[in-house]
Every structure is written in C-alpha cells, then in structure tokens.
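Work through the exercises below with the sequence and the structure side by side, and try each task before you read its solution.

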Amino acid sequence: MRSILALLATLIAITGCHSPYVAATVSNRGSRPIELLEVDYPSASFGSQNLAPGADFHYRFKVLGSGSMKLLYTDSTHQDHKSDGTFVKEGAEGALVITITDTGVTWQAAPTVSAGK
C-alpha cells in the first residue's frame, strides 16, 4: 500500500498541474514618465503608479471570460490616453507585450493569447 501511495505521489509531482496565464509586459519606450497606467481585461485589471522611460512592468494574470483589453494611462503632462488592445478568451495563455512610445501604443500578443479555449 505504501509503495502505491509513493508511486502516486511521484506521478503527481512529475506531471504537475498547469494553470494557463498571460505574461504581460508593459514597456515605456517614450521620452517621458508615465504617472499612472491601468490595463483592463475581462473580469479584472492591473496597473502601476509610475513607469519611467525605458522601464518595464511585468504582470501575470488568468483570463476569466472573454473580451477586449484596453490600456489607460496618464503621462507626465497629465494628459490621459487610451488604447484598445487585443481580444482575449478564457483560458488564454502566452506572452503579451504592450509598448508605449511618444507616437502611440503597440500590442504584440502570442497567437495563443487570442486563441484561448
């Protein structure tokens, strides 16, 4: 009996559990600091109080539901900006890079981020 339990525990440890998540990076490649940023996705949001020029903000999240993402941010001149992003489905996983520049925002999502379940 002990050997069966030990074997079962070993198999569980080897196979492990996998929970899908999106690994997001928000990069400020502009010349001015970002004073406030918020990324909205279905069922939640994340953000930061400030992001210096050249800095990156990393965040991992699980997508529940489906819908479009958006980025809201305030620059150092107190101007508000909005960028509509990629569509995500529940179960999405992979890398997502949001790059803020002086001329706009780009969204680069791995194909699995939009695919989901």
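**Exercise 1.** In this predicted model, why does Asn28 count as buried?

*Solution.* Begin with the cut-off, which is that a residue is called buried when its relative accessible area is under 20%. Asn28 has a relative accessibility of 1%, and therefore it counts as buried. Next, locate the residue in the fold: Asn28 belongs to strand S1, which covers residues 22-28. Finally, look at what surrounds it, leaving aside residues up to four places away in sequence: Asn28 touches Pro33, Ile34, Leu51, Ala52, Pro53, Gly54, Ala55 and Ile100.

**Exercise 2.** Find which residues line the largest pocket, and sort them by class.

*Solution.* First list the lining, which consists of Asn28, Gly30, Ser31, Arg32, Ile34, Tyr73, Asp75, His81, Ile100, Thr101, Asp102 and Gly104. Sorting this lining by class gives three nonpolar, six polar and three charged residues. Then ask which strands contribute at least two residues each, and you will arrive at strand S5 (67-75) and strand S7 (94-101). The volume of this largest pocket is about 160 Å³.

**Exercise 3.** Describe the protein as a whole, starting from its helices and strands.

*Solution.* Counting the elements gives two helices and eight strands, and reading from the N terminus their order is α-β-β-β-β-β-β-β-β-α. Turning to burial, 32% of the 117 residues count as buried. Among contacts with a separation of 6 or more, 58% are between residues 24 or more positions apart. As a last step, consider the surface, where the protein exposes about 7,100 Å², with carbon and sulfur atoms supplying 56% of it.

Definitions and conventions
Residues are numbered from 1 along each chain as its sequence is written. This is a predicted model: local features need pLDDT of at least 70, side-chain atom pairs count only at pLDDT 80 or more; totals for chains, interfaces and linings use all residues. Side-chain values use heavy atoms; hydrogens and water are left out. On a 1 Å grid over the protein atoms alone, a cavity is a set of points where a 1.4 Å probe fits but cannot get out, and a pocket is an open set with protein on both sides within 12 Å along at least five of seven lines; lining residues have an atom within 4 Å of a point. Grid points are joined across faces, edges and corners, and a volume is the space filled by probe spheres set on the points. Helices (H or I, at least four residues) and strands (E, at least two) are DSSP runs, numbered from the N terminus. Ala, Val, Leu, Ile, Met, Phe, Trp, Tyr, Cys and Pro count as nonpolar, Asp, Glu, Lys and Arg as charged, and the others, Gly among them, as polar. Buried means under 20% relative accessible area, exposed over 50%, partly exposed in between (1.4 Å probe, protein chains only). Contact means heavy atoms within 4.5 Å. Accessible areas come from the Shrake-Rupley method with a 1.4 Å probe; for residues, only the protein chains shown count as cover.
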